[in-house]
Amino acid sequence: MVVLKAASPPTVPSVNKINNGYPCSNGTIKPLITPSPSSFINLDQGDPEVFRSYWRKKSEECTVVINGEDLMSYLSDTSNVCWFMLPELREAIQRLHRVVGNASVGMDKHIVVGTGSTQLFQAALFALSPSDSPNPINVVAASPYYSEYQEEVEILRSGLYRWGGDAREYDKNEAYIEVVTAPNNPCGSIRRAVANCEGEGKVIHDFAYYWPQYTPITQQYDHDLMLFTFSKCTGHAGSRIGWAIVKDIEVAKKMTRFIQMNSIGVSKESQIRVAKIIGVICDSYQEIGSSLDPDELFFEYSRRKLRERWEKLRAVVDKSNLFYLAKYPKAYCTFTNHTSESYPAFAWMKCKGSIEDCESYLRNLKVLVRGGKRFGVDQKYARISLLSSDDVFNEFLTRISNATRNIGNRS
Ligand SMILES: Cc1ncc(COP(=O)(O)O)c(C=O)c1O
């Protein structure tokens, strides 16, 4: 029997009892590495640690029991286009989108599950590329674009598709695929397709961050091909579950075929765990609703958490006078019924004045971040993850504050 929990198994002490570590599934305690002033802190990756304390509290509720004979078959539901997707996951995904109101999941839509939306992005490229063209189709995205797209497009040197660069500069009279990320990684802005050329364009909408903790939900999207990931929705990146909502059944079939060739499906252990956790979220909104302490509701908790980080960051950055930080317009959120700001998962910072290379500047402060070049823009910019643990985030603030003081002393 395998017992899967959101955070810790019952046999090991909870993290509340041990201040310097958290329990691992193998029963050992993984030490929490509290950053010392002399150590590097990593804010390069968007590893979502920020919501861990919420899921620690929900540990028991999120437990899934898997017996020895369970989930053995490759197959899940052969009546569905995506035959390896468990029906309970499909229903949970539909329920979640109905609760949040961020995407349309009616009967006319096909859901394809993937090992993270990374696999689905590649499945989508495969499905949208013409199979009979002598030349690869161009894949474009408006800069600054998510740094991994270019590498994912180029890694196989595919004969089907190739990287075509910045969507705003694309002027070829040839078919293309545009990737639109909304809210955008790295800069948090809400985006639409921008390529403006004669060629026929298909669009992949990457909605990894279109969840209420990051941005107001302003409409229920209904695009041809939309990607979502559990990694950024709840922070359970390790389960490696993403899903695509697809209008055209032929595209859904081709994506399913790609995943079959790539990994013959998607881990069912992960699928049932994700279905369970989605159920816990939706139950809290639908059954108990507003009688709960807001911090018991996942999107309320996670939005507050990110809002606090943004407020602290803005205060420190304003004082430092070293960086520019984008401001986001307020918008009415149909999920919360309030007007609010965006609290993106990443801070997109631009160095002021004579600092030419933001990544190197922060590296001197022992802060690892991702420089603008990886996103198709200049190195005055850098992306800083706001999804780290509290310790790492607070240490980052301290270092930025100290840098301010050093500069102040020099002038
Ligand atoms: C915009 C965007 N799309 C896709 C992904 C990949 O997500 P997954 O963990 O589902 O592969 C990420 C992860 O950081 C992302 O930022």
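In this predicted model, strand 7 (residues 137–141) and strand 8 (residues 161–166) run parallel and are joined by five bridges. Ile137 faces Tyr161 of strand 8 across this pairing. Helix 4 (residues 147–154) completes the motif: strand 7, helix 4 and strand 8 form a right-handed β-α-β unit. Helix 4 lies across strand 7, strand 8 and strand 9, and runs at about 150° to strand 8.

The loop between strand 7 and helix 4 contains Pro144. The peptide bond between Ser143 and Pro144 is cis, with omega at about -5°.

Strands 7 and 8 belong to an open sheet of seven strands. The strand order is 6-12-11-10-9-7-8, and the pairing is mixed. Strand 6 (110–115) and strand 8 are the edges of this sheet. Each has a single partner strand, so one side of each is left without a neighbour in the sheet. On average, neighbouring strands of the sheet are turned by 25° against each other, direction ignored.

Further along the sheet order, strand 9 (residues 176–181) pairs with strand 10 (residues 201–206). This pairing is parallel and spans six bridges. Tyr176 has Gly201 of strand 10 as its bridge partner. Pro186 sits in the loop between strand 9 and strand 10. A cis peptide bond links Asn185 to Pro186, with omega at about 25°.

Another backbone feature occurs at Leu71. Its phi is near 60°, a positive value in a residue other than glycine. Leu71 is located in the loop between strand 5 (64–66) and helix 2 (87–100). Most residues other than glycine have a negative phi, and most peptide bonds are trans.

A four-strand open sheet has the order 13-16-19-18 and antiparallel pairing. Strand 13 (323–325) and strand 18 (370–371) are its edge strands, each pairing on one side only. Within this sheet, strand 16 (residues 346–351) pairs with strand 19 (residues 381–385) in the antiparallel sense. Five bridges connect strand 16 and strand 19. Among the residues involved, Met349 has Ala382 of strand 19 as its bridge partner. Strands of a sheet pair through backbone hydrogen bonds, either parallel or antiparallel.

The ligand is surrounded by 13 residues. Gly116, Ser117, Thr118, Thr229 and Ser231 come nearest. Helix 3 (residues 116–128) gives the most to this shell, with three residues. By class, the shell has nine polar, three nonpolar and one charged residues.

Confidence was examined along the chain. The mean pLDDT is 91, and 89% of the residues reach 70 or more. Two stretches with low values deserve mention. Over residues 7–20, pLDDT stays under 50. For residues 7–20 the model has 23 contacts beyond four places in sequence. Residues 407–411 also have pLDDT below 50. Beyond near neighbours in sequence, residues 407–411 have one contact in the model. Where pLDDT is low, the predicted coordinates should not be read in detail.

Notes: Residues numbered from 1 in each chain as written. Predicted model: local features only at pLDDT ≥ 70, side-chain atom pairs only at ≥ 80, totals over all residues. Near = placed C-beta within 6 Å. Helix = DSSP H or I, 4+ residues; strand = E, 2+ residues; numbered from the N terminus. Nonpolar A, V, L, I, M, F, W, Y, C, P; charged D, E, K, R; others polar. pLDDT = per-residue confidence, 0-100. Contact = placed C-beta atoms within 7 Å. Pairing = 2+ DSSP bridges. Right-handed = clockwise from strand over helix to strand, strands pointing away. Axes fitted to C-alpha atoms, helices over the stretch in contact; angles between N-to-C directions.
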